[in-house]
Amino acid sequence: MDTNSFISVRDVTKKYRSRIALDRVSIEVRRGEVFGLIGPNGAGKSTFISMLATINKPDSGDILVDGESIVKTPGRIRERIGYVPQEIALYPMLSAYDNLDLWAGVYGLKGQQKKQRIRAVLDYLRLGDRSRDRVATFSGGMKRRLNIAASLLHKPEILIMDEPTAGVDILSRTTISEMIRSLKNRGCTIIIASHYIDELESLCDRVAILNKGVLLHTGTLKGILSKTGTESLEALMLNLEEM
Ligand SMILES: Nc1ncnc2c1ncn2[C@@H]1O[C@H](COP(=O)(O)OP(=O)(O)O)[C@@H](O)[C@H]1O
Ligand SMILES: [Mg+2]
């Protein structure tokens, strides 16, 4: 048991009919760290992330956030979490600002405070100058940044991102990396799922490696590479895909 644990994933199992998506997974995430969840397609990353985001429930086991159960008190935990899903969830015919306005309403923001928060998150993700443009005119990377902006409106203590840099341009990647660094400096706890963690790799304090629903390794990337005798994350991932 890790006494520094902030998010404690305990023996979580999830099945879709007879298919096991997660098999008794236990992970401890510390307050203020950037934690990477890495694994090939089908590893169970999105299943894990959606449970943490209180969208999905485990079949058995539990996740405690600051001592509170996501099974028993999902509403209280939801207020503390920002969730960026793998699929983009935006209205293409509305402007960036109006998309955020809808989300801000869901979070209960109103009036001047709401306007300020929308402006702040747009600037934070470098979308301030495109706020009145329709999302349909945005590149994939801009849509991804807008999705991230939406997840930050209520100033969450925990940010969970599912494949945030998959298929995005280099400018967006850099912006996302800078944002992660800046949020970490403010004490935010960040969990990133990725099938290949590329440049975000250097941002992660610790990582967990999942394959076919099974947790293979947890620790610093350096520690895992030295324990497994692999040169790089890429080589480690290639071995998994061959299994
Ligand atoms: N809604 C669902 N219904 C049935 N099977 C699912 C569903 N979601 C995921 N799965 C299966 O669960 C496993 C893990 O999927 P997922 O969590 O999406 O993995 P990852 O995000 O790592 O690619 C896969 O075998 C996938 O096909
Ligand atoms: Mg996924």
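This is a short walk through the sheet, the hairpin and the nonpolar core of one model. Keep in mind that the model is predicted.

Let's start with the sheet. It is open and has four strands. The order is β2-β1-β4-β5, and the pairing is antiparallel. Which strands stand at the edges? They are β2, residues 19-30, and β5, residues 68-69. Each has a single partner strand, so one side of each is left without a neighbour in the sheet.

Now helix α1, residues 45-52. This helix packs on the sheet. It touches β1, β2 and β4, with β4 covering 60-65. The direction of α1 makes about 60 degrees with that of β2.

Back to β1, residues 5-16. How many bridges join β1 to β2? Eight, and the two strands run antiparallel. For a landmark on screen, find V12 in the pair: V25 in β2 stands opposite. As a reminder, side chains in a regular strand alternate between the two faces of the sheet.

Next, the hairpin. Strand β9 is residues 206-211, and β10 is residues 214-219. Five bridges pair them, again in the antiparallel sense. Here the landmark is A208, with T218 of β10 opposite. Two residues lie between the strands. Look at K212 in this hairpin: its phi is positive, near 50 degrees.

Last, the core. The largest nonpolar core has 64 residues. Which residues have the most contacts inside it? L37, L100, A149 and I160. Take L100 as the example. Leaving out residues up to four places away in sequence, L100 touches I118, V121, L122, A149, A150 and L153. So A149 turns up twice: among the residues with the most core contacts, and as a contact of L100.

How values were computed
Residues numbered from 1 in each chain as written. Chains lettered and ligands numbered in written order. Predicted model: local features only at pLDDT ≥ 70, side-chain atom pairs only at ≥ 80, totals over all residues. Pairing = 2+ DSSP bridges. Contact = placed C-beta atoms within 7 Å. Axes fitted to C-alpha atoms, helices over the stretch in contact; angles between N-to-C directions. Core = buried A, V, L, I, M, F, W, Y, C linked by C-beta atoms within 7 Å. Buried ≥ 20, exposed ≤ 12 C-beta atoms within 10 Å, placed from the backbone.
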